[in-house]
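Dear colleague,

Please find below the structure that I am handing over to you. My notes on it follow directly after.

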Amino acid sequence: MPPTLILVRHAQALHNINQDSSIPDPELSELGRSQCRDLRESLMNKMPEGLDVGLIVVSPMRRTIETAQRALDFLIEKGVPIQANADWQENPDKPCDTGSPISALKDEFPGIDFSQLDPVFPDKTSPAGSRYWYTKKAVLARAQFALADLYARPEKTILVVSHSAFLRRAVTGSWWFNADYRIFDYEERKSDDEPYRLKQWELTAKGGLGWSWEEKVVIGEDLP
């Protein structure tokens, strides 16, 4: 049986304050760090029983890693591993959505497993980085790669810290406020040709923190 997914948007980062996309790989703001405390409390106290998180997957960006380390320390202390995966990074190739060199991330975040991270990261523009190009075809394909990878994993529940536009436009069609989360199960696939789709738990229709909109968008809409 495929795992249940808890999909989290990172807490507020510096570029979110004034929508400044020129900030390279920004860290969390003070408000974002406060939001991590709210996220942590909700996940610790309000998650349904039986959601046994066995793996944390993070986009290899400072804001997602910092969100995971601050909000999920109670899982990390239990030995739940954190793996960086470039498929869960944000869509555009603006400075705020382009990662730092892997060597720098390893030095800054020694507790993260970067061993499976695509060595082409953070390239999103060259032919070598075509998997991460900001085109509709590439973004939707990357979302399917990401979902296929987790579908085959043995863990009962996997928690992913990712980004609003990727989660909304390519994975689920749902909106995310900073630091909010939603819980999904995989829809049944009747053939290997069917795309991977997710069905959200009614419990998180407005987000686990109640901060997010219920309205949905068509997956792939507004991608270039």
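In these notes, two residues are in contact when heavy atoms of theirs lie within 4.5 Å. Please bear in mind that this is a predicted model.

I begin with I6. Leaving aside its neighbours within four places in sequence, I6 is in contact with L43, M47, L51, V53, T157, I158, L159, V160, Y181, R182 and I183. I6 also belongs to the largest nonpolar core, which has 39 residues; I6, L43, V58, L72 and L159 are the residues there that touch the most other members. Another core, of 22 residues, lies apart from that one, and L5, A146, F166 and L198 are among its residues.

The strand that carries these first residues is β1, residues 4-9, and 6 of its 6 residues are buried. Which way do its side chains point? T4, I6 and V8 point one way from β1, while L5, L7 and R9 point the other way, and all are buried.

Two strands pair with β1. Strand β4, residues 157-162, runs parallel to β1 and is joined to it by 6 bridges; here T4 stands opposite T157. Strand β5, residues 181-186, runs antiparallel to β1 and is joined to it by 4 bridges; in this pairing L7 stands opposite R182.

These strands are part of an open sheet. Its 6 strands come in the order β3-β2-β4-β1-β5-β6, with mixed pairing. At the edges are β3 (82-84) and β6 (198-200), each of which pairs on one side only. From one strand to the next, the twist averages 30 degrees.

On the other side of β4 from β1 in the strand order comes β2. Strand β2, residues 53-58, pairs with β4 in the parallel sense over 5 bridges, and L55 has I158 of β4 as its bridge partner. Helix α3, residues 62-71, packs on the sheet and touches β2 and β4; the direction of α3 makes about 135 degrees with that of β4.

A further helix to note is α7, residues 164-172. Helix α7 lies across β1, β4, β5 and β6 and runs at about 140 degrees to β1.

When you open the model, I would suggest starting from I6, given its place among the residues of the 39-residue core that touch the most other members, and then following β1 to its partners β4 and β5.

With kind regards

Key:
Residues are numbered from 1 along each chain as its sequence is written. This is a predicted model: local features need pLDDT of at least 70, side-chain atom pairs count only at pLDDT 80 or more; totals for chains, interfaces and linings use all residues. Side-chain values use heavy atoms; hydrogens and water are left out. Buried means under 20% relative accessible area, exposed over 50%, partly exposed in between (1.4 Å probe, protein chains only). Two strands pair if DSSP finds at least two bridges between them. A nonpolar core is a set of buried Ala, Val, Leu, Ile, Met, Phe, Trp, Tyr and Cys residues joined through side-chain atoms within 4.5 Å. Axes are lines fitted to C-alpha atoms, for helices over the stretch in contact, and angles run from 0 to 180 degrees between N-to-C directions.
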